Amino acid sequence: MVYRIDPDKDRPYVEEFRRCPIGAHSPGLMRVLTVMRNDPSGHQVILVCRKPFAEWVLGHMPPDRADPIVLEQAPVFTSREAAEWEVFCRRWRALTGESINQPLHD
Amino acid sequence: MLKITGYPDRYSVAPGETIAFKISLEEGDRFDARIVRVVHGDCNPAGPGLKFRHVPSNADGSYLGRAQRIDAGSFMRADTVPPLGTTAFTFFAVIWPTLPARADQTLACQWNPRSNTGWRVGVDAGRLFLAVAGADGTAALVMTDAAMQRRQWYRILVALDPATGRYRIDQQPIRHYAHVVDSALLDGTLAVRPDTSAAPFVLAGCPSADGRMDRHFDGKIDGPMLLAGLHDRSVHDRLLGVPAADDLAGAIIARWDFARLPDTIIAVDIGPSRHHGTLVHLPARGMKGWNWTGEEHDFKRKPEHYGAIHFHHDDLYDAGWDTSVVFTVPVDLPSGPYALHVSAGPSDETATREDYIAFFVRPPRARKPGETRPPLALLAPTAAYMAYANHGEHITARGAELQMGRLLTFGHADLYLYAHPELGGSLYDTHADGSGVCYSSRLRPVLNFSPRYHSWLGGHGSALYQYNADTHLFDWLDHQGIAYDLITDEDLHEQGYDLLAPYRVVMTGTHPEYHSTSMWDAMKAWIDRGGRLMYMGGNGWYWRIAFHSELPGVIELRRAEDGIRTWIAEPGEYYQSFNGEYGGLWRRVGRPPNMMCGVGFIAQGFDISSYYRRAPDADNPRAAWIFAGVADQIIGDFGLIGGGAAGIELDCLSPDLGAPPNMLRLASSEGHSPMMILVNEEFGVVPPNLGGDLNPRVRADLAFGETPSGGALFATSSIAWCGSLSHNGYENNVSRITWNVLQRFLDPAPFPVR
């Protein structure tokens, strides 16, 4: 059995990620992210750049390349960090059942 | 999505020569084109921004355009095989299907696509079939009811007697497994006579009415044969025996021995009629066959064990597009990086309607008497560009997000690549059947060989890797006003040492990873004879490659034995088919990168970069000039690639691997993230402290050393180094150190050797 995210024990890493979505992370946050980023279904969330260094949306890459990538129309992100935070929140909810009702920036 | 793309017919062109560009439009029927000098291909607003310099030429103008498509998939064609539908014949082979579940694959056929008639042998959902269609409109399909297993060898036989309609289909596994039913034998009679009108004999593909070759087979075919008459399995046994059955010799129509001439695109027919085949789109050769035992790993030493060719429906050598624009390089055009800028309207959030088709103008091939060239050459790593051509692991390999430590970013070019797998993969990708892509060509659109391309693995920030990362160096040289010649890996492979001989200094790109033996020998000879090498990147001289001796613009790699391997070559398939050399890491053939440039690969990580801390050797009188004007203890804690000068892929000094013992460690990087990880070949037992936060060996060593012939080596040891050059208006310690080294290296005074 691989590690399962514990919403109580792992809650401090939510704040660590919010403060630094891309960068050096603690071993505890690394473990959370490794669990989150491993999807054996083959489905892959991706970040699609609409305007370089200005606009991104999320996309969904299916397991079979014969199927099209599906783009989300909203939200439109103005930074990669904002997109990372959105995906982190979605995955946290999917894995723990809990919502993180906190913006990226205070 | 990308609405316009293309490729040149060469990456390196000399003044006075002509280069042809092949352009495809996804919409509209016209495009504009102009030649530009590429200075800086990074549009990150934190840096200098895009810089292209228009070069007015007769290539400027508006052109008619259209969509051009790619017909991928390898096959063999033998046009001299006579029509086989007139008398009884039998097709034998031993096959290793790698995507047996795919529908409607062709093993062999003589099929007229216009009338949809002829005969065809193939695999559908793992089952061997025979399809026959007559000129009178009748058709029949017979198929076994037992599915072949993936990556298992099967002896197959398909026989047909048109006179009686009798047929036989035999599918027998070489190895049997309990509870697996995968053998079948069918005998029967068809009421259909195949059309005998002329149609080429094709293996692993079938002609289509639109002129394409489709319905390809994925997998290996070993020892295909055509015999006159209706035969059974016992005949195959006798033909496979040694010595072959002489009494059957008279029945042989064709018997292809794929072990012959593996460095060519010729499939040799050892039968009496010599119906040699032509292999299209480079199926993999030097492949072990059904009878490989492991006793010999070199196809040259036991060719009878290497009778297979591996075909893929997604193999591609030459897209074969029509020429859209030609450009004859003026004789006075300076050597350097250029591109054909093509545009077909304004871009927006959903579509990019322009592209930059990159190429390089090399120095003239012959020098005029008295002509002087700059003492500096920039060696563009075009072999590495080809190795990474259309690098698609973000599409084909799940888990890439884990490796990157961030979301995988797709630009319009990546979305286009996803939708067009026929563009072909890089040497990092796998074919649809899971086998590694071991050949990569530049005769196709290469979407990541272009300024403005931002990569999914180029580090946070600008996210550049390979060609576009090298534009950071183009820009710095331009900003500093330094004259140089630009030469390419392909030039070096073809011309050897003589290409380098006139230059005092050679600067590399950020990631010169792939080298042929010819390239390696030339560079080593130049260094040993006094050359001054500025190694401006990381993970250089890592993989050995081969260029094809006849086909232009294609390289081969075998990911053998060790190293960072996104796929792993099969045991027994470590030798390069293009030239018979043992492939894999240069380190594994006794030539580690440390021997060449003083340092060697130690770690990689693609999230963020770090900085160097000055080391005691920086104050050694032998190297103090390198730090003239640099009093800082911390070097490169800034930059466009991951925010630091030490990142992406790192090298370090390793005396035990052949680094010259006189190399000085000027500075070493530190503070790396846990995602900067020690490379595989650096450990035998997997340690728990692989990451840069816990392993002190994970570091880049800024290094310098003199050579006995008065030359010198300088190594930045980091792919991210050049991303820091432009920081603060080019006034920073990375830029200053690079400048100091370049100025001293350009000084003809020999470096002291005692």
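The exercises below look at how two domains of chain B meet in a predicted model.

Residues are numbered from 1 along each chain as its sequence is written, and chains are lettered from A in the order in which they are written. Local features need pLDDT of at least 70, side-chain atom pairs count only at pLDDT 80 or more, and totals for interfaces use all residues.

**Exercise 1.** Find the domains of chain B and state how many residues each brings to their contact.

*Solution.* Begin with the bounds, which come from an automatic or database domain assignment: domain 1 of chain B covers 75–311 and domain 2 of chain B covers 375–754. Next, count the residues in contact (heavy atoms within 4.5 Å), which gives 26 residues from domain 1 of chain B and 20 residues from domain 2 of chain B.

**Exercise 2.** State the area buried between domain 1 of chain B and domain 2 of chain B.

*Solution.* Buried area is the accessible area (1.4 Å probe) that two parts lose on being put together, summed over both. For domain 1 of chain B and domain 2 of chain B this comes to about 1800 Å², and carbon and sulfur atoms give 54% of that area.

**Exercise 3.** Count the salt bridges across the interface of domain 1 of chain B and domain 2 of chain B, and describe the one that involves B:R151.

*Solution.* Apply the rule, which asks for a side-chain nitrogen of Lys or Arg within 4 Å of a carboxyl oxygen of Asp or Glu; across this interface three salt bridges are found. Turning to B:R151, its side chain meets that of B:E570 in a salt bridge, at 2.9 Å from N to O.

Definitions and conventions:
Side-chain values use heavy atoms; hydrogens and water are left out.
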